[in-house]
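Here is a friendly tour of one protein model, meant to be read with the viewer open. Feel free to select residues as they come up.

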Amino acid sequence: MDKQRRYALNAAGDFYVADGLCIACTAPEHEAPELMAYDPNALAGYHCYFKRQPGTALELQRAVMAVAVGCCGSVRYGGTDPVVLERLAELHASDACDHRQTSG
């Protein structure tokens with residue numbers, strides 16, 4: 001499920017929600033409420049998205065957790081930061097990454 005099409009309301013950046021895959025579980029939004037929102041006008045009546053990208057270490061941690069708790073793989077990480085990729089691997093969320101961590 002690499003390099004998914006991004007939902008149109010996502011803020012530009014590494015964290016995003018794939019278009020059409022959100023099932024309204026609300027778990028990611030609870031992990032990062034300052035970074036995420038939902039679109040009540042979406043086709044199914046609900047679609048979450050990143051309204052802004054993390055700007056602090058705490059927000060980065062919350063964005064990583066939002067990816068990790070996503071239940072259907074819609075909340076994703078499209079970046080290549082090895083620290084973020086390693087943390088997502090530790091959280092068993094590598095399948096939600098567009099790029100895989102390579103062994104060094």
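## Tyr46 and its partners

Leaving aside neighbours within four places in sequence, Tyr46 is in contact with Cys22, Ala24, Thr26, Glu29, Tyr38 and Asp39. Please keep in mind that this is a predicted model. You will find Tyr46 in the loop between strand S2 (36-38) and S3. Is this tyrosine buried or exposed? Tyr46 counts as buried, because its relative accessibility is 18% and the limit for buried is under 20%.

Tyr46 can also be placed relative to Gly20: the two are 26 residues apart in sequence, and their C-alpha atoms are 9.9 Å apart in space.

## The loop between S1 and H1

Two of the contacts of Tyr46, Ala24 and Thr26, deserve a look at their backbone. Ala24 sits in the loop between S1 and H1, and Thr26 lies in that loop too. Phi of Ala24 is near 60 degrees, a positive value in a residue other than glycine. For Thr26, also not a glycine, phi is positive as well, near 70 degrees. As background, most residues other than glycine have a negative phi. In terms of accessibility, Ala24 is partly exposed at 33%, and Thr26 is partly exposed with a relative accessible area of 26%.

Gly20 is found in the loop between S1 and helix H1 (27-31). With 58% relative accessibility, Gly20 counts as exposed, since the cut-off for that class is over 50%. Its C-alpha atom is separated by 7.7 Å from that of His47, a residue 27 places away along the chain.

Asp19 belongs to the loop between S1 and H1 as well, and at 26% relative accessibility Asp19 is partly exposed. Which residues does Asp19 touch, not counting those up to four places away in sequence? They are Arg5, Arg6, Tyr7 and His47. For a distance to another part of the chain, take Asn41: the C-alpha atoms of Asp19 and Asn41 are separated by 14 Å, with their positions 22 residues apart along the chain.

## The nonpolar core

Now to the interior. The largest nonpolar core has 21 residues, and the members that touch the most others are Phe15, Met36, Phe50, Val75 and Leu88. At least two residues of this core come from each of strand S1 (15-17), strand S3 (48-50), helix H2 (57-69), strand S4 (75-77) and helix H3 (82-90). Which element gives the most? That is H2, with 4 residues. As a general point, nonpolar side chains tend to be buried together in soluble globular proteins.

Phe15, in strand S1, is a good place to zoom in. At 2% relative accessibility, Phe15 counts as buried. Setting aside residues up to four places away in sequence, Phe15 touches Arg6, Phe50, Gln53, Pro54, Leu60, Ala63, Val64, Val67, Arg76, Tyr77 and Val84. Phe15 and Gly79 are 64 residues apart in sequence, yet 7.5 Å apart in space from C-alpha to C-alpha. Another core member, Val75, is in contact with Tyr16, Val17, Pro28, Met36, Cys48, Phe50, Ala66, Val67 and Ala96, again leaving aside neighbours within four places in sequence.

## How H2 meets H3

Two of the contributors to the core, H2 and H3, also pack against each other. How do their axes lie? They come within 10 Å and cross at roughly 40 degrees, which means that H2 is oblique to H3. The crossing of H2 past H3 is right-handed.

The contact is made by Leu60, Val64, Val67 and Ala68 on the H2 side, and by Val84, Arg87 and Leu88 on the H3 side. Sorted by class, the contact has 6 nonpolar residues, 1 charged residue and no polar ones. Some of these names have come up before: Phe15 touches Leu60, Val64, Val67 and Val84, among others, and Val67 is also one of the contacts of Val75. Leu88, on the H3 side, is one of the core residues that touch the most other members.

How values were computed: Residues are numbered from 1 along each chain as its sequence is written. This is a predicted model: local features need pLDDT of at least 70, side-chain atom pairs count only at pLDDT 80 or more; totals for chains, interfaces and linings use all residues. Side-chain values use heavy atoms; hydrogens and water are left out. A nonpolar core is a set of buried Ala, Val, Leu, Ile, Met, Phe, Trp, Tyr and Cys residues joined through side-chain atoms within 4.5 Å. Buried means under 20% relative accessible area, exposed over 50%, partly exposed in between (1.4 Å probe, protein chains only). Contact means heavy atoms within 4.5 Å. Axes are lines fitted to C-alpha atoms, for helices over the stretch in contact, and angles run from 0 to 180 degrees between N-to-C directions. Angles under 35 degrees count as roughly parallel, over 145 as roughly antiparallel, 65 to 115 as roughly perpendicular and the rest as oblique. A crossing is left-handed if the near helix is turned anticlockwise from the far one by less than a right angle, and right-handed if clockwise. Ala, Val, Leu, Ile, Met, Phe, Trp, Tyr, Cys and Pro count as nonpolar, Asp, Glu, Lys and Arg as charged, and the others, Gly among them, as polar.
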